[in-house]
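Good morning, colleagues. Please look at the sequence and the structure on the screen before I begin.

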Amino acid sequence: MRFEEQVAIVTGAAAGLGRAYAIALAERGAKVVIIDNEPLSAKDSGLRSCANAIITLGGEVQLYCLDISDSAAVNGMVDEVISTWGKVDILINNAGIHHPCPFEQLSESTWKRQFDVDVNGSFNLTKAVWPSMKRSGYGRIIMTCASSIFGDVYETSFSASKMALIGLVNSLHLEGQEFDIAVNTITPHAVTQMTAEHLAPTVRPLFSKTTVLSAVLYLCSSKSPSGKHILAAAGGISQAEIIEFSGSRFTAEECTPEVIHSRWGDIHRAKPYRSRSSGEAQVLAWAKASAEQRDIELE
């Protein structure tokens with residue numbers, strides 16, 4: 001899969017997976033915009049190092065040091081990119097922060113900053129490129145999640161912000177379908193400066209960047225699905241969904257907390273499960289099941 005004549009924006013590109021995404025896209029022909037919030041004047045600027053690596057490959061790159069939670073700065077950057085290169089085809093919302101903390105010690109400022117970067121930053125970038133993608137009739141957008149979406153101790157703010165991105169994708173991909181804008185999440189795990197200390201030395205070699213890079217490049221391509229939540233790590237790629245198990249039905253008279261408790265074992269173990277394509281589809285499913293129970297015909 002090649003990306004000649006395409007323009008990609010990658011946030012959090014000074015190090016880790018963001019840097020790897022940017023270089024991989026450049027290797028396959030894309031013009032790349034790399035963003036991070038570290039000062040470009042820093043002696044060991046990771047952003048400049050990433051840009052130099054792309055230039056060495058013969059690629060084209062623009063680099064920006066900015067805070068993605070600043071919507072005015074983001075809008076200005078995207079305007080400059082479109083003025084120079086005419087469009088944006090690919091957006092990888094990779095920037096994020098991680099501050100594990102016991103919940104009772106979690107400050108309001110830390111909670112808000114987590115959402116400012118992970119959620120509001122992704123919103124700002126996506127909203128800024130969305131009109132251009134609609135005009136072009138093409139776009140690929142990736143939101144970065146983490147395994148903490150399943151829940152982890154001391155990860156309340158991190159887990160909550162990443163789950164918010166799943167909801168954003170579930171709705172946004174429906175708006176993008178008409179314009180061939182594919183919107184997905186990636187939940188990656190690979191050895192980086194952020195993750196290395198959390199992996200035992202014996203398993204670190206299993207978590208190379210290869211699996212994650214391949215999955216992300218696929219989601220950046222014209223062949224990408226949309227509205228999917230992809231997990232990629234250690235040679236494994238899978239899809240996650242929000243699912244509903246078969247519902248237990250109650251009459252109005254019997255639906256009490258006590259009855260729910262007495263039947264909880266059946267509710268908890270109910271199968272088979274089903275997924276829904278949208279919130280509207282879920283409401284319709286509830287309506288149909290209730291109407292069927294009451295012998296009501298729905299048109």
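I shall discuss one pocket and three helix packings.

Please bear in mind throughout that this is a predicted model.

I begin with the pocket. The second largest pocket has a volume of about 460 Å³. Its lining consists of 22 residues, and those closest to the centre of the pocket are Asn170, Ile242, Arg276, Ser277 and Ser278.

Which elements supply at least two residues each of this lining? They are the helices α5 (156-176) and α9 (279-293), together with the strands β8 (236-240), β9 (243-245) and β10 (273-275). The most is given by α5, with 5 residues. As for the chemical character of the lining of the second largest pocket, 13 residues are polar, 5 are charged and 4 are nonpolar.

Helix α5 leads me to the first packing, that with helix α4, residues 108-136. The axes of α4 and α5 come within 8 Å and cross at roughly 20°. An angle under 35 degrees counts as roughly parallel, and α4 and α5 are therefore roughly parallel to each other. The crossing in which α4 passes α5 is right-handed.

Which residues meet here? On the α4 side, Trp111, Gln114, Phe115, Asp118, Val119, Ser122, Thr126 and Trp130 take part. Their partners in α5 are Thr156, Ser157, Phe158, Ala160, Ser161, Lys162, Ala164, Leu165, Leu172, Glu175 and Gly176. By class, the contact of α4 with α5 comprises 9 nonpolar, 7 polar and 3 charged residues.

I turn now to helix α1, residues 16-27, and its packing with helix α6, residues 210-220. The axes of α1 and α6 are 10 Å apart, and the angle is about 55°. That angle makes α1 oblique to α6. The crossing of α1 and α6 is right-handed.

In this contact, Leu17, Ala20, Tyr21, Ala24 and Leu25 of α1 meet Val212, Leu213, Val216, Leu217 and Cys220 of α6. How many nonpolar, polar and charged residues does the contact of α1 with α6 have? There are 10 nonpolar residues, no polar ones and no charged ones.

Helix α1 also packs with helix α2, residues 46-56, at an angle of about 20° and with the axes 9 Å apart. Consequently, α1 and α2 are roughly parallel to each other. The crossing of α1 and α2 is right-handed.

The residues of α1 in this contact are Arg19, Ala22, Ile23 and Ala26, and they meet Gly46, Ser49, Cys50, Ala53 and Ile54 in α2. The contact of α1 with α2 has 6 nonpolar residues, 2 polar and 1 charged.

To close, I return to α1. This helix is oblique to α6, whereas α1 and α2 are roughly parallel. Thank you for your attention.

Notes
Residues are numbered from 1 along each chain as its sequence is written. This is a predicted model: local features need pLDDT of at least 70, side-chain atom pairs count only at pLDDT 80 or more; totals for chains, interfaces and linings use all residues. Side-chain values use heavy atoms; hydrogens and water are left out. On a 1 Å grid over the protein atoms alone, a cavity is a set of points where a 1.4 Å probe fits but cannot get out, and a pocket is an open set with protein on both sides within 12 Å along at least five of seven lines; lining residues have an atom within 4 Å of a point. Grid points are joined across faces, edges and corners, and a volume is the space filled by probe spheres set on the points. Helices (H or I, at least four residues) and strands (E, at least two) are DSSP runs, numbered from the N terminus. Ala, Val, Leu, Ile, Met, Phe, Trp, Tyr, Cys and Pro count as nonpolar, Asp, Glu, Lys and Arg as charged, and the others, Gly among them, as polar. Axes are lines fitted to C-alpha atoms, for helices over the stretch in contact, and angles run from 0 to 180 degrees between N-to-C directions. Angles under 35 degrees count as roughly parallel, over 145 as roughly antiparallel, 65 to 115 as roughly perpendicular and the rest as oblique. A crossing is left-handed if the near helix is turned anticlockwise from the far one by less than a right angle, and right-handed if clockwise. Contact means heavy atoms within 4.5 Å.
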